[in-house]
Structure formats: C-alpha cells, structure tokens
Amino acid sequence: KQPKEYRKVLKSYFDGEWDQAIDLLRSLRARIPEYLPAYILLVNVYTRAARFDEALAAASELPDEYIDMARDIQTDVWLFKRIHKRRKENLREGNEK
C-alpha cells in the first residue's frame, strides 16, 4: 500500500502541478527515506519540469545499493536534457526565419 502523501503526489503529477508534487515528494522522502518510489518520481517530476540539474541531484541521492539504477536514471535525464535543449534551439531558429 502506498503512503497517503504518495497518492497526493500522483494527483499533482497527473495534473501537471510540478512544484506541489516536488514539495510533497521532499516531505515524503524526509518522513520515509527508504521509500524508493519517492526518489524515482521526484526525478521524473524534475525532468518533466525541465529542472534537469535537480533531477540529476535527486538521482544521485538514491541509496548506495541502487547505484546501477541511479546511473541509468542519470543517463536518461542527460538524454532528456539534450533533447530539451535541441527543441529550444529549433524553436528559436524557427522564430528567426
């Protein structure tokens, strides 16, 4: 069973309320630091909000026994960061024409 806060986070996430989801996830991680889904979703929310450096930092906070997972997540975040940058550049170039 998921903690009550996690269910609230999911509602915020699906509503696109990134800041609220982040606040709730930080609170949940402080209260239940071993709850792995909170780490994963926090990285996801930061990525969706284009806050890539914070997503990378959150991934690095995964417990040591999940180091391989953390590396995979960080690789994905870097990929999304590069895609986001290219899209912004393409939009800028399209607006200049």
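# A walk through a five-helix chain

Arg29 has its place in helix α2, and this residue makes a useful starting point for a reader who is meeting the structure, a predicted model, for the first time. Although arginine belongs to the charged class, Arg29 counts as buried because its relative accessibility is 15%, and buried means under 20%. Once residues up to four places away in sequence are set aside, Arg29 touches Ala38, Tyr39, Leu42, Ala58 and Glu61.

One of these partners, Ala58, can be followed further into the model. Ala58 lies in helix α4, and with a relative accessibility of 3% it therefore counts as buried. Its own contacts, again without residues up to four places away in sequence, are Arg29, Tyr39, Leu42, Val43 and Tyr46, so that Tyr39 and Leu42 are touched by Arg29 as well as by Ala58. Ala58 can also be placed relative to Asn44, from which it is 14 residues away in sequence and 9.7 Å away in space, taken from C-alpha to C-alpha.

With these two residues in place, the view can widen to the whole chain. The protein chain holds five helices and zero strands, and from the N terminus on its elements run α-α-α-α-α. Its C-alpha atoms fill a box of roughly 55 × 30 × 15 Å, taken along the principal axes. Of the 97 residues in the protein chain, 33% count as buried. Among the contacts with a separation of 6 or more, 47% are accounted for by residues 24 or more positions apart.

The next topic is the nonpolar interior. The largest nonpolar core has 27 residues, and those with the most contacts inside it are Leu25, Leu41, Val43, Val45 and Val77. Two or more residues of this core come from each of α1 (4–14), α2 (18–31), α3, α4 (52–60) and α5, while the largest share, eight residues, is supplied by α3. Leu25 offers a closer look at this core: leaving aside its neighbours within four places in sequence, Leu25 is in contact with Val9, Ala38, Leu41, Leu42 and Val45. Leu41 and Val45, which appear among these partners, are also listed with Leu25 among the residues with the most contacts inside the core.

Aromatic residues add another layer to the picture. A pair of aromatic rings is described by the distance of the centres and the angle of the planes. The structure holds three aromatic pairs, one of which joins Tyr6 and Tyr35 in an edge-to-face arrangement, 5.4 Å from centre to centre and with 80 degrees between the planes. This pair links distant parts of the chain, since Tyr6 sits in helix α1 and Tyr35 in the loop between α2 and α3, 29 residues apart. Both Tyr6 and Tyr35 are buried.

Another pair, formed by Tyr13 and Phe14, is likewise edge-to-face, with 5.3 Å between the centres and 75 degrees between the planes. The partners of this pair have opposite surroundings: Tyr13 counts as buried because its relative accessibility is 11%, whereas Phe14 counts as exposed because its relative accessibility is 65%. Ring pairs also bring in Trp18, so that Tyr13, Phe14 and Trp18 are linked into a cluster.

From the rings the path leads to the largest pocket, which has a volume of about 320 Å³. Its lining is made of 14 residues, and the closest to its centre are Asn44, Thr47, Arg48, Phe52 and Phe80; Asn44 is the residue whose C-alpha was placed 9.7 Å from that of Ala58. At least two lining residues are supplied by each of α3 (36–48) and α5 (67–96), and α5 gives the most, with seven residues. Sorted by class, the lining has eight nonpolar, three polar and three charged residues.

A last stop is Ala50, whose place is in the loop between α3 and α4. Ala50 has a positive phi of about 60 degrees although it is not a glycine. Its relative accessible area is 33%, and Ala50 is therefore partly exposed, in contrast to Ala58, which counts as buried at 3% relative accessibility.

Key
Residues numbered from 1 in each chain as written. Predicted model: local features only at pLDDT ≥ 70, side-chain atom pairs only at ≥ 80, totals over all residues. Heavy atoms only, no water. 1 Å grid on protein atoms, 1.4 Å probe; cavity = no way out; pocket = protein on both sides within 12 Å on 5 of 7 lines; lining within 4 Å. Points joined across faces, edges and corners; volume = space filled by probe spheres on them. Helix = DSSP H or I, 4+ residues; strand = E, 2+ residues; numbered from the N terminus. Core = buried A, V, L, I, M, F, W, Y, C linked by side-chain atoms within 4.5 Å. Buried < 20%, exposed > 50% of the residue type's maximum accessible area, 1.4 Å probe, protein only. Contact = heavy atoms within 4.5 Å. Phe/Tyr/Trp six-rings, centres within 6.5 Å; stacked < 30°, edge-to-face > 60°.
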